[in-house]
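Reader: I would like a close look at one part of this model, the aromatic side chains and how they are placed. Please start from a ring with a charge over it, then work outward into the surroundings.

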Amino acid sequence: MSRSCVVVGGGIAGLSAAYRLSNAGIRVTVLEADSTFGGRTRTESVNDCIVHTGAGFITSFYDTTLALVKELQVETVEPKEQNGVVATPFGKLPLDLRSPRRLIQFPLITTADKIRTLSTVAQSYLRRPLHIGKPASLARLDRGSTIESWGRRTLGENAYQYLLRPGVEPFFYFGADEASSALGKALVRHARSWHMLAIQDGIGILCDALAQRIEVRTGCKAHEVEERDESVVVRHSGGTIEADHAILAIPAPALAKLTGTISEEDRAQIEAVRFVPNLLLYFGYERPITVQHPLVTPAGPDRHPIARIRTISEWVPSYVPEGKELISVHASSWRSAELIDEEPEKAINELRRDAEAIFGRLADPDWIRLYPRAEAVVLPEPGHYRRMRTFLRRPRKRLLYAGDWLTGSTIEGAARTGINAAEVILSR
(Lines give C-alpha, C1' and ligand atoms only; values in the text may rest on other atoms or scores of the structure.)
Protein backbone atom coordinates (compact mmCIF):
# COMPACT_ATOMS: atom_id res chain seq x y z
CA MET A 1 0.00 0.00 0.00
CA SER A 2 1.28 3.48 -0.85
CA ARG A 3 2.59 5.49 2.10
CA SER A 4 2.69 9.26 2.37
CA CYS A 5 4.20 12.05 4.48
CA VAL A 6 3.72 15.80 4.64
CA VAL A 7 6.76 17.81 5.70
CA VAL A 8 6.14 21.29 7.09
CA GLY A 9 9.18 23.46 6.38
CA GLY A 10 11.42 23.72 3.33
CA GLY A 11 14.77 24.34 4.96
CA ILE A 12 17.66 21.89 5.30
CA ALA A 13 15.87 19.81 7.97
CA GLY A 14 12.61 19.43 6.08
CA LEU A 15 14.21 18.84 2.69
CA SER A 16 16.68 16.29 4.09
CA ALA A 17 13.77 14.36 5.57
CA ALA A 18 11.75 14.61 2.36
CA TYR A 19 14.73 13.53 0.25
CA ARG A 20 15.35 10.43 2.38
CA LEU A 21 11.66 9.43 2.35
CA SER A 22 11.23 10.06 -1.36
CA ASN A 23 14.24 7.89 -2.17
CA ALA A 24 12.61 5.10 -0.16
CA GLY A 25 9.41 5.30 -2.17
CA ILE A 26 7.32 7.39 0.24
CA ARG A 27 5.04 9.96 -1.38
CA VAL A 28 6.15 13.31 0.08
CA THR A 29 4.77 16.84 -0.04
CA VAL A 30 6.72 19.74 1.47
CA LEU A 31 4.85 22.84 2.63
CA GLU A 32 6.89 26.03 2.79
CA ALA A 33 5.45 29.29 4.15
CA ASP A 34 7.80 31.54 2.16
CA SER A 35 7.65 32.19 -1.57
CA THR A 36 10.93 30.27 -1.96
CA PHE A 37 12.40 27.36 -0.03
CA GLY A 38 15.80 27.18 1.65
CA GLY A 39 15.08 28.95 4.93
CA ARG A 40 18.22 30.21 6.61
CA THR A 41 20.45 28.69 3.91
CA ARG A 42 19.06 30.71 1.01
CA THR A 43 21.55 32.09 -1.52
CA GLU A 44 21.05 35.10 -3.78
CA SER A 45 22.94 36.45 -6.77
CA VAL A 46 23.56 40.19 -6.44
CA ASN A 47 25.50 41.89 -9.24
CA ASP A 48 26.96 38.47 -10.14
CA CYS A 49 28.17 37.93 -6.55
CA ILE A 50 27.03 34.90 -4.54
CA VAL A 51 25.45 36.25 -1.38
CA HIS A 52 24.42 34.05 1.54
CA THR A 53 21.40 35.39 3.39
CA GLY A 54 22.11 33.19 6.42
CA ALA A 55 24.43 30.20 6.85
CA GLY A 56 27.37 30.24 4.48
CA PHE A 57 29.65 27.25 5.09
CA ILE A 58 29.89 23.66 6.27
CA THR A 59 32.77 22.01 8.10
CA SER A 60 34.78 18.82 7.83
CA PHE A 61 33.01 17.24 10.83
CA TYR A 62 29.50 17.67 9.37
CA ASP A 63 29.28 13.95 8.62
CA THR A 64 25.60 13.76 7.62
CA THR A 65 25.78 16.93 5.54
CA LEU A 66 28.90 15.77 3.73
CA ALA A 67 27.27 12.43 2.95
CA LEU A 68 24.34 14.29 1.36
CA VAL A 69 26.73 16.58 -0.53
CA LYS A 70 28.55 13.56 -1.95
CA GLU A 71 25.35 11.69 -2.83
CA LEU A 72 23.87 14.74 -4.54
CA GLN A 73 27.17 15.46 -6.34
CA VAL A 74 27.25 19.00 -5.03
CA GLU A 75 30.68 20.50 -5.57
CA THR A 76 32.56 21.84 -2.57
CA VAL A 77 35.70 23.96 -2.38
CA GLU A 78 38.12 24.62 0.42
CA PRO A 79 38.17 28.34 1.17
CA LYS A 80 41.57 29.95 0.95
CA GLU A 81 43.31 30.53 4.23
CA GLN A 82 42.98 34.19 5.14
CA ASN A 83 45.52 36.08 7.18
CA GLY A 84 43.05 36.84 9.92
CA VAL A 85 43.64 38.95 12.99
CA VAL A 86 41.86 39.47 16.27
CA ALA A 87 41.12 43.06 17.23
CA THR A 88 42.14 43.42 20.87
CA PRO A 89 42.44 46.38 23.26
CA PHE A 90 46.19 46.17 22.49
CA GLY A 91 45.84 46.30 18.71
CA LYS A 92 45.32 43.77 15.94
CA LEU A 93 47.22 40.51 16.39
CA PRO A 94 47.47 37.43 14.12
CA LEU A 95 45.77 34.31 15.49
CA ASP A 96 44.92 30.96 13.92
CA LEU A 97 43.00 28.75 16.34
CA ARG A 98 43.78 25.66 14.24
CA SER A 99 47.54 26.07 14.62
CA PRO A 100 49.11 25.00 17.94
CA ARG A 101 52.31 26.81 16.95
CA ARG A 102 50.54 30.13 16.39
CA LEU A 103 48.49 29.61 19.51
CA ILE A 104 51.67 29.19 21.54
CA GLN A 105 53.11 32.36 19.97
CA PHE A 106 50.06 34.49 20.82
CA PRO A 107 51.37 37.14 23.26
CA LEU A 108 48.26 37.93 25.34
CA ILE A 109 48.00 34.51 26.99
CA THR A 110 50.27 33.31 29.75
CA THR A 111 52.34 30.18 29.29
CA ALA A 112 50.36 28.50 32.06
CA ASP A 113 47.06 29.20 30.29
CA LYS A 114 48.45 27.97 26.97
CA ILE A 115 49.43 24.69 28.63
CA ARG A 116 45.99 24.41 30.23
CA THR A 117 44.35 25.02 26.85
CA LEU A 118 46.44 22.45 25.00
CA SER A 119 45.87 19.96 27.81
CA THR A 120 42.10 20.51 27.63
CA VAL A 121 42.12 19.87 23.87
CA ALA A 122 44.18 16.70 24.34
CA GLN A 123 41.97 15.42 27.15
CA SER A 124 38.84 15.94 25.06
CA TYR A 125 39.99 13.13 22.77
CA LEU A 126 40.21 10.68 25.67
CA ARG A 127 36.56 11.12 26.67
CA ARG A 128 33.46 9.54 25.19
CA PRO A 129 32.56 10.64 21.64
CA LEU A 130 31.09 14.13 21.44
CA HIS A 131 29.58 15.76 18.37
CA ILE A 132 28.04 19.18 17.87
CA GLY A 133 25.15 17.69 15.88
CA LYS A 134 24.19 15.00 18.40
CA PRO A 135 21.99 16.28 21.25
CA ALA A 136 22.30 13.01 23.19
CA SER A 137 26.09 13.37 23.49
CA LEU A 138 25.82 17.08 24.27
CA ALA A 139 23.19 16.43 26.97
CA ARG A 140 25.71 14.43 29.01
CA LEU A 141 27.83 17.56 29.43
CA ASP A 142 24.99 20.07 29.78
CA ARG A 143 25.28 20.47 33.55
CA GLY A 144 24.07 24.00 34.10
CA SER A 145 27.26 25.96 33.43
CA THR A 146 27.94 28.43 30.61
CA ILE A 147 30.89 28.45 28.22
CA GLU A 148 32.12 31.50 30.13
CA SER A 149 32.15 29.89 33.57
CA TRP A 150 33.63 26.63 32.25
CA GLY A 151 36.22 28.42 30.10
CA ARG A 152 37.45 30.73 32.82
CA ARG A 153 37.72 27.86 35.27
CA THR A 154 39.35 25.40 32.86
CA LEU A 155 41.48 27.52 30.54
CA GLY A 156 42.08 30.69 32.53
CA GLU A 157 40.83 34.24 32.04
CA ASN A 158 42.99 35.30 29.09
CA ALA A 159 42.62 32.02 27.21
CA TYR A 160 38.86 32.35 27.61
CA GLN A 161 38.85 35.93 26.30
CA TYR A 162 41.31 35.53 23.41
CA LEU A 163 40.88 31.88 22.34
CA LEU A 164 37.54 30.45 23.40
CA ARG A 165 35.34 33.48 22.74
CA PRO A 166 36.80 34.01 19.21
CA GLY A 167 36.14 30.31 18.60
CA VAL A 168 32.45 30.64 19.48
CA GLU A 169 31.03 34.12 19.02
CA PRO A 170 32.04 34.84 15.36
CA PHE A 171 30.21 31.69 14.24
CA PHE A 172 27.09 31.73 16.45
CA TYR A 173 26.78 35.50 17.20
CA PHE A 174 25.54 35.00 20.78
CA GLY A 175 27.76 35.54 23.80
CA ALA A 176 29.78 32.76 25.38
CA ASP A 177 28.30 33.93 28.67
CA GLU A 178 24.84 32.81 27.47
CA ALA A 179 25.44 29.35 25.99
CA SER A 180 25.78 25.94 27.62
CA SER A 181 29.32 24.78 28.28
CA ALA A 182 28.45 21.60 26.35
CA LEU A 183 28.71 23.59 23.12
CA GLY A 184 32.15 24.91 24.08
CA LYS A 185 33.35 21.40 24.95
CA ALA A 186 32.11 20.08 21.61
CA LEU A 187 33.94 22.84 19.73
CA VAL A 188 37.13 22.07 21.64
CA ARG A 189 36.73 18.41 20.69
CA HIS A 190 36.45 19.36 17.01
CA ALA A 191 39.19 21.99 17.17
CA ARG A 192 42.26 19.93 16.35
CA SER A 193 41.42 18.84 12.81
CA TRP A 194 38.41 20.75 11.54
CA HIS A 195 38.38 23.02 8.54
CA MET A 196 35.72 24.94 6.64
CA LEU A 197 34.22 23.94 3.33
CA ALA A 198 32.18 26.08 0.95
CA ILE A 199 29.63 25.02 -1.64
CA GLN A 200 30.99 26.00 -5.06
CA ASP A 201 27.83 27.85 -6.15
CA GLY A 202 26.57 28.87 -2.72
CA ILE A 203 25.05 26.99 0.21
CA GLY A 204 21.55 27.35 -1.27
CA ILE A 205 22.49 24.85 -3.99
CA LEU A 206 22.26 22.11 -1.38
CA CYS A 207 18.55 22.79 -0.82
CA ASP A 208 18.00 23.03 -4.59
CA ALA A 209 19.57 19.60 -5.04
CA LEU A 210 17.57 18.04 -2.19
CA ALA A 211 14.30 19.39 -3.62
CA GLN A 212 14.95 18.37 -7.21
CA ARG A 213 12.48 15.46 -7.35
CA ILE A 214 10.18 16.46 -4.48
CA GLU A 215 6.85 18.28 -4.56
CA VAL A 216 7.44 21.56 -2.72
CA ARG A 217 4.46 23.89 -2.32
CA THR A 218 5.59 27.42 -1.48
CA GLY A 219 3.38 30.10 0.03
CA CYS A 220 1.68 27.48 2.22
CA LYS A 221 1.91 28.53 5.86
CA ALA A 222 0.72 25.81 8.24
CA HIS A 223 -1.54 26.93 11.08
CA GLU A 224 -3.01 23.69 12.46
CA VAL A 225 -1.98 20.06 12.72
CA GLU A 226 -4.29 17.24 13.75
CA GLU A 227 -2.96 13.78 14.53
CA ARG A 228 -5.60 11.08 14.00
CA ASP A 229 -5.50 7.33 14.56
CA GLU A 230 -4.65 6.54 10.94
CA SER A 231 -3.34 9.84 9.54
CA VAL A 232 -2.22 13.41 10.14
CA VAL A 233 -4.07 16.44 8.76
CA VAL A 234 -2.25 19.74 8.21
CA ARG A 235 -4.29 22.87 7.55
CA HIS A 236 -2.39 25.67 5.84
CA SER A 237 -2.93 28.91 3.96
CA GLY A 238 -3.30 27.00 0.69
CA GLY A 239 -5.80 24.43 1.92
CA THR A 240 -5.67 21.09 3.75
CA ILE A 241 -3.49 18.03 3.25
CA GLU A 242 -3.73 14.58 4.84
CA ALA A 243 -0.97 11.98 4.99
CA ASP A 244 0.09 8.90 6.92
CA HIS A 245 2.76 10.87 8.77
CA ALA A 246 3.88 14.46 9.23
CA ILE A 247 7.28 15.91 10.06
CA LEU A 248 7.24 19.41 11.52
CA ALA A 249 10.55 20.97 10.43
CA ILE A 250 10.03 24.65 11.15
CA PRO A 251 11.73 26.81 13.81
CA ALA A 252 10.48 26.43 17.37
CA PRO A 253 8.84 29.92 17.49
CA ALA A 254 6.75 29.03 14.42
CA LEU A 255 5.91 25.64 15.92
CA ALA A 256 4.69 27.29 19.10
CA LYS A 257 2.07 29.17 17.04
CA LEU A 258 0.59 26.01 15.53
CA THR A 259 -2.71 24.89 16.98
CA GLY A 260 -3.93 21.31 17.19
CA THR A 261 -2.41 18.03 18.31
CA ILE A 262 0.79 19.05 20.02
CA SER A 263 0.99 17.68 23.56
CA GLU A 264 1.36 20.01 26.52
CA GLU A 265 4.77 18.46 27.31
CA ASP A 266 6.01 19.02 23.78
CA ARG A 267 4.61 22.53 23.63
CA ALA A 268 6.27 23.53 26.91
CA GLN A 269 9.68 22.38 25.65
CA ILE A 270 9.18 23.98 22.24
CA GLU A 271 8.29 27.30 23.86
CA ALA A 272 11.42 27.11 26.04
CA VAL A 273 13.71 27.18 22.97
CA ARG A 274 15.29 30.59 22.57
CA PHE A 275 16.33 32.14 19.28
CA VAL A 276 18.50 35.26 18.93
CA PRO A 277 18.53 37.76 16.03
CA ASN A 278 21.27 38.52 13.54
CA LEU A 279 21.88 41.35 11.12
CA LEU A 280 24.04 40.39 8.16
CA LEU A 281 25.36 43.32 6.14
CA TYR A 282 27.13 43.18 2.76
CA PHE A 283 29.11 45.96 1.11
CA GLY A 284 29.51 45.31 -2.61
CA TYR A 285 32.19 46.89 -4.80
CA GLU A 286 32.23 46.97 -8.59
CA ARG A 287 35.96 47.60 -8.38
CA PRO A 288 38.97 46.16 -6.55
CA ILE A 289 39.65 47.64 -3.13
CA THR A 290 42.58 47.35 -0.77
CA VAL A 291 42.16 46.27 2.86
CA GLN A 292 44.82 45.81 5.49
CA HIS A 293 43.32 42.63 6.96
CA PRO A 294 40.86 40.45 5.02
CA LEU A 295 39.41 38.89 8.19
CA VAL A 296 38.97 40.64 11.53
CA THR A 297 37.43 39.14 14.66
CA PRO A 298 36.97 41.10 17.91
CA ALA A 299 38.52 39.58 21.02
CA GLY A 300 39.03 40.49 24.62
CA PRO A 301 36.84 41.60 27.52
CA ASP A 302 33.51 43.40 27.14
CA ARG A 303 30.73 42.84 24.64
CA HIS A 304 31.53 43.22 20.96
CA PRO A 305 28.89 44.71 18.61
CA ILE A 306 30.45 43.01 15.58
CA ALA A 307 31.10 39.26 15.52
CA ARG A 308 33.20 39.08 12.35
CA ILE A 309 34.16 41.06 9.22
CA ARG A 310 35.43 39.25 6.14
CA THR A 311 36.37 40.03 2.54
CA ILE A 312 34.87 37.33 0.35
CA SER A 313 36.94 37.41 -2.86
CA GLU A 314 40.07 36.19 -1.12
CA TRP A 315 38.16 33.60 0.93
CA VAL A 316 36.06 31.93 -1.81
CA PRO A 317 37.06 33.46 -5.17
CA SER A 318 34.19 31.76 -7.03
CA TYR A 319 31.71 33.88 -5.06
CA VAL A 320 32.98 37.21 -6.40
CA PRO A 321 33.79 38.00 -10.06
CA GLU A 322 37.33 39.13 -10.78
CA GLY A 323 37.75 42.85 -10.33
CA LYS A 324 35.00 43.12 -7.73
CA GLU A 325 34.87 42.78 -3.94
CA LEU A 326 32.35 41.79 -1.31
CA ILE A 327 32.65 42.43 2.42
CA SER A 328 30.39 40.72 4.95
CA VAL A 329 29.67 42.15 8.38
CA HIS A 330 27.99 39.95 11.00
CA ALA A 331 26.51 41.78 13.97
CA SER A 332 26.46 40.11 17.37
CA SER A 333 23.06 39.00 18.66
CA TRP A 334 22.81 41.74 21.30
CA ARG A 335 23.65 44.47 18.79
CA SER A 336 21.23 42.93 16.30
CA ALA A 337 18.50 43.02 18.95
CA GLU A 338 19.11 46.76 19.40
CA LEU A 339 18.90 47.53 15.69
CA ILE A 340 16.53 44.98 14.17
CA ASP A 341 13.45 47.18 14.46
CA GLU A 342 15.20 50.33 13.26
CA GLU A 343 14.87 51.71 9.76
CA PRO A 344 17.32 49.90 7.43
CA GLU A 345 19.31 53.07 6.70
CA LYS A 346 19.89 53.70 10.40
CA ALA A 347 20.85 50.06 11.06
CA ILE A 348 23.30 50.13 8.15
CA ASN A 349 24.93 53.37 9.32
CA GLU A 350 25.24 52.11 12.90
CA LEU A 351 26.77 48.80 11.82
CA ARG A 352 29.18 50.55 9.49
CA ARG A 353 30.43 52.67 12.40
CA ASP A 354 30.76 49.55 14.56
CA ALA A 355 32.64 47.75 11.79
CA GLU A 356 35.03 50.60 11.05
CA ALA A 357 35.93 50.82 14.74
CA ILE A 358 37.66 47.43 14.46
CA PHE A 359 38.24 46.94 10.72
CA GLY A 360 39.41 50.39 9.73
CA ARG A 361 37.76 52.75 7.30
CA LEU A 362 35.60 51.04 4.69
CA ALA A 363 35.60 52.37 1.16
CA ASP A 364 32.19 53.66 0.08
CA PRO A 365 30.39 50.68 -1.48
CA ASP A 366 28.65 50.58 -4.86
CA TRP A 367 25.77 48.61 -3.37
CA ILE A 368 24.59 47.41 0.03
CA ARG A 369 22.43 44.50 1.17
CA LEU A 370 21.09 44.08 4.71
CA TYR A 371 19.55 40.77 5.80
CA PRO A 372 17.80 41.03 9.17
CA ARG A 373 16.59 37.84 10.89
CA ALA A 374 14.68 38.15 14.12
CA GLU A 375 15.04 34.40 14.74
CA ALA A 376 18.42 33.63 13.23
CA VAL A 377 20.25 31.34 15.62
CA VAL A 378 19.24 28.92 18.36
CA LEU A 379 20.75 29.90 21.70
CA PRO A 380 21.50 26.64 23.57
CA GLU A 381 21.26 27.98 27.10
CA PRO A 382 22.33 25.72 29.99
CA GLY A 383 19.78 22.92 30.14
CA HIS A 384 18.82 23.18 26.45
CA TYR A 385 20.46 19.93 25.36
CA ARG A 386 19.00 17.96 28.26
CA ARG A 387 15.51 19.24 27.41
CA MET A 388 15.97 18.35 23.75
CA ARG A 389 17.19 14.84 24.61
CA THR A 390 14.02 14.33 26.65
CA PHE A 391 11.94 15.73 23.79
CA LEU A 392 13.50 13.39 21.21
CA ARG A 393 13.14 10.32 23.44
CA ARG A 394 9.41 10.81 23.87
CA PRO A 395 7.43 8.07 22.00
CA ARG A 396 5.67 9.37 18.89
CA LYS A 397 3.16 7.86 16.49
CA ARG A 398 2.51 9.80 13.32
CA LEU A 399 3.75 13.28 14.17
CA LEU A 400 7.52 13.84 14.27
CA TYR A 401 9.85 16.83 14.55
CA ALA A 402 13.06 18.04 12.91
CA GLY A 403 15.09 21.24 12.92
CA ASP A 404 18.31 22.77 14.17
CA TRP A 405 16.49 23.92 17.33
CA LEU A 406 16.76 20.31 18.54
CA THR A 407 20.56 20.49 18.50
CA GLY A 408 21.75 24.08 18.13
CA SER A 409 22.15 26.17 14.99
CA THR A 410 24.21 24.21 12.50
CA ILE A 411 23.39 22.85 9.07
CA GLU A 412 24.59 19.49 10.39
CA GLY A 413 22.11 19.53 13.25
CA ALA A 414 19.26 20.36 10.88
CA ALA A 415 20.22 17.64 8.40
CA ARG A 416 20.68 15.01 11.11
CA THR A 417 17.30 15.63 12.70
CA GLY A 418 15.61 15.54 9.30
CA ILE A 419 17.24 12.23 8.35
CA ASN A 420 16.51 10.78 11.81
CA ALA A 421 12.82 11.68 11.58
CA ALA A 422 12.64 10.05 8.16
CA GLU A 423 14.33 6.90 9.48
CA VAL A 424 11.73 6.62 12.26
CA ILE A 425 8.98 6.55 9.64
CA LEU A 426 10.83 4.06 7.45
CA SER A 427 11.39 1.70 10.40
CA ARG A 428 7.63 1.24 10.88
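Author: Start with Arg352, which lies over the face of Phe283 at 5.8 Å from the ring centre. The model is a predicted one. A second case of this kind involves Arg310. Its charged end sits over the ring of Trp315, 4.1 Å from the ring centre.

Now the ring-to-ring pairs. A pair of aromatic rings is described by the distance of the centres and the angle of the planes. The structure holds eight aromatic pairs. One of them joins Phe61 and Tyr62: the ring centres are 5.4 Å apart and the planes stand at 80 degrees, so the pair is edge-to-face. Planes over 60 degrees apart count as edge-to-face. Both Phe61 and Tyr62 are buried.

Another pair is Tyr401 with Trp405. Here the centres are 6.5 Å apart and the planes are at 85 degrees, so this pair is edge-to-face. Tyr401 is buried, with a relative accessible area of 6%. Trp405 counts as buried too, at 0% relative accessibility. Together with Phe391, Tyr401 and Trp405 form one aromatic cluster.

Tyr401 leads on to the nonpolar interior. Ile247 is in contact with Tyr401, and also with Leu400 and Ala402. From other parts of the sequence, Ile247 contacts Cys5, Val6, Val7 and Val8, as well as Ala17 and Leu21. Ala421, Ala422 and Ile425 are further contacts of Ile247. Those lists leave aside neighbours within four places in sequence. Ile247 belongs to the largest nonpolar core, which has 78 residues. Phe174, Leu183 and Ile247 are the residues with the most contacts inside that core. Apart from it lies another core, of 27 residues. Its members include Ala252, Val273, Met388 and Leu399.

Two of the contacts of Ile247, Ala17 and Leu21, are among the buried residues of α1. This helix runs over residues 12-23 and has 12 residues. From first C-alpha to last, α1 reaches 16 Å, close to the 16 Å expected at 1.5 Å a residue. Nine of the 12 residues of α1 are buried, so the helix is largely enclosed by the rest of the structure. Besides Ala17 and Leu21, the buried residues are Ile12, Ala13, Gly14, Leu15, Ser16, Ala18 and Tyr19. Just after α1, Gly25 takes a positive phi of about 95 degrees.

Next, the aromatic core residue Phe174. Val276 touches Phe174, along with Ser333, Ala374, Glu375, Ala376, Val377 and Leu379, not counting residues up to four places away in sequence. Val276 is found in strand β16, residues 274-285. At 3% relative accessibility, Val276 counts as buried. Val276 and Phe172 are 104 residues apart in sequence, yet 9.6 Å apart in space, C-alpha to C-alpha.

Strand β17, residues 295-298, holds Thr297. Thr297 is buried, with a relative accessible area of 10%. Its contacts beyond four places in sequence are Val85, Val86, Ala87, Pro166, Pro170, Ala307 and Arg308.

Back to the strands around the first aromatic pair's stretch of sequence. β3 (residues 43-46) and β4 (residues 49-52) pair in the antiparallel sense over four bridges. Thr43 stands opposite His52 in β4. The two strands form a hairpin with two residues between them. In the turn, Asn47 has a positive phi of about 50 degrees.

Then comes an open sheet. Its three strands have the order β5-β9-β6, and the pairing is antiparallel. β5 (58-59) and β6 (76-77) stand at the edges, each with a single partner strand, so one side of each is left without a neighbour in the sheet. Two bridges join β6 to β9, residues 196-199. Val77 stands opposite Ala198 in β9.

A contrast to the buried rings is Pro129. Pro129 lies in the loop between α4 (111-124) and α5 (135-140). At 63% relative accessibility, Pro129 counts as exposed. Not counting residues up to four places away in sequence, Pro129 touches Ser137, Arg140 and Arg189. Pro129 and Ala186 are 57 residues apart in sequence and 9.4 Å apart in space, C-alpha to C-alpha.

Conventions:
Residues numbered from 1 in each chain as written. Predicted model: local features only at pLDDT ≥ 70, side-chain atom pairs only at ≥ 80, totals over all residues. Heavy atoms only, no water. Core = buried A, V, L, I, M, F, W, Y, C linked by side-chain atoms within 4.5 Å. Buried < 20%, exposed > 50% of the residue type's maximum accessible area, 1.4 Å probe, protein only. Contact = heavy atoms within 4.5 Å. Phe/Tyr/Trp six-rings, centres within 6.5 Å; stacked < 30°, edge-to-face > 60°. Lys NZ or Arg CZ within 6 Å of the ring centre and 35° of its normal. Pairing = 2+ DSSP bridges. Expected span 1.5 Å × (residues − 1).
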